[in-house]
Amino acid sequence: MGILIDRVVLRRIRMPLVHFFETSFGRTYERQMVLVEVSSGGLSGWGEVTAGENPFYNEEWTDSAWAIVRDYAAPRVLNFELGSAEEVNARTAHIRGHNMARGGLEAAVWDLQARRNGRPLWAEIGGGARREIPCGVSIGIQNTVDDLLRKIETEVNDGYQRIKIKIKPGWDVETIRQVRKRFPSILLMADANSAYTLADAPLLKALDEFGLMMIEQPLAHDEIIDHAELQAQLSTPICLDECIRSAHQAAQAIRMGAGRIVNIKLGRVGGFGEAKRVHDVCHAAGIPVWCGGMLEAGIGRAHNIALATLPNFVLPGDVSASKRYWKKDIVEPWVETTPRGTIEIRDAPGFGYEIDRAFLDSITVSKEELR
Ligand code: NPQ
Ligand code: MG
């Protein structure tokens, strides 16, 4: 029996971060995200578009996502009999780019399908390889190295299994040297969000002495070939993030030796269907993966948890507790970690958490219903 989506509701919500988050492309104080609710005969599924507020991480941002879902993606699934959630990706594949907008809608249909089948989302997507997912944290660029060291200490004491710090030119080799001096044995990695070029290879090579688990996306957001050249010069594994937007690109990057680890983000690749295919390509090639994060509210966070139960998600990811980002989350209970630095998966149908409707309404800045 197929799925006939008879209603799509878009909401734009505003959530201030408890602490600013700085990357090589700028500082963020507040998130504004688009939530997608799809309905079929009175039952709803929910998705969260992970695009940022500006087109700096990739080409998408909150307003572009709203326009793409409303004008191009939702019309392709509304009032059309889908065989299953698997078909949403192909139904919207005529849209060039804008994977996060497409993925927010696609994930909502997966959630709806899971609820209709009375199954948790992790089971619906073929996951469930583990009952708890290993968690790391992503720590932004701070005003001072002392601030950074204090933050790392807090997270290590909270039990997180891996620390990722953001780097950019001027906040790299010497910063990491001081982190390593203070924390000689933690699992440590650095994410450059495309802040360097091949001309910086000697600087990046200097990071080899710190025993990092990996360095994430050092070079351009759309560049695979240069990463292959760089990886040949480094002993530290390169982890690819921004430049892997499809399973095909993952296969090409692996073939070229552009990296040894892949960060999978649900939105960046356009939803669960493609995320599973990226996962499978990496798995077959012996490339471990982990689940990235985009400062998600509870719905996106819960979707990430489901994704990270696929078998090849063997490294701690960037999915962490709600309270690291939000004073209050839109789901009940909030996403919490265990003292082991893990998140336990939940067995309720769909993404596994309740939506706090009153709170959601209080932070909704606009809403549009599509029939
Ligand atoms: C990454 N995330 O792995 C991203 C980048 C990122 C948790 O490190 C607003 C919107 C702010 C999107 C900050 C983490 C963001 C953002 C960082 C994405 O590269
Ligand atoms: Mg990254």
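**Ligand 1, polar contacts.** I began with lysine 166, where an N or O atom of the side chain is 2.9 Å from an oxygen atom of ligand 1. I kept in mind throughout that this is a predicted model. I then turned to two aspartates: a polar side-chain atom of aspartate 191 lies 3.0 Å from an oxygen atom of ligand 1, and for aspartate 241 I read 3.1 Å between a polar side-chain atom and an oxygen atom of the ligand. I also looked up the area, and found that ligand 1 taken alone exposes 440 Å², of which the protein buries 99%.

**Where the ligand sits.** Which pocket does ligand 1 take up? I noted that the space it occupies is the largest pocket. Three elements give two or more residues each to the shell around the ligand, namely strand 2 (7-23), strand 3 (26-40) and strand 8 (162-166).

**The shell.** I listed 20 residues around ligand 1, and among these Ser138, Lys166, Asn193, Lys265 and Gly293 come nearest. Sorting the shell by class, I have nine charged, six polar and five nonpolar residues. I also asked which domains contribute at least three residues to the shell. Both domain 1 (3-118 + 354-370) and domain 2 (123-344) do so.

**Backbone entries.** Leaving the ligand, I checked the backbone and found a cis peptide bond between glutamate 332 and proline 333, with omega at about -15°. I located proline 333 in the loop that runs between strand 14 (331-332) and strand 15 (342-344). My last entry concerns asparagine 79, which is not a glycine and yet has a positive phi of about 55°; I placed asparagine 79 in the loop between helix 1 (62-77) and strand 5 (81-82).

Key. Residues numbered from 1 in each chain as written. Chains lettered and ligands numbered in written order. Predicted model: local features only at pLDDT ≥ 70, side-chain atom pairs only at ≥ 80, totals over all residues. Heavy atoms only, no water. Near = heavy atom within 4 Å. Polar contact = N/O pair within 3.5 Å; in protein donor to acceptor, adjacent residues only side chain to side chain. Areas by Shrake-Rupley, 256 points an atom, 1.4 Å probe, with all protein chains shown as cover. 1 Å grid on protein atoms, 1.4 Å probe; cavity = no way out; pocket = protein on both sides within 12 Å on 5 of 7 lines; lining within 4 Å. Sits in = over half its atoms within 2 Å of the grid points. Helix = DSSP H or I, 4+ residues; strand = E, 2+ residues; numbered from the N terminus. Nonpolar A, V, L, I, M, F, W, Y, C, P; charged D, E, K, R; others polar. Domains from an automatic or database assignment.
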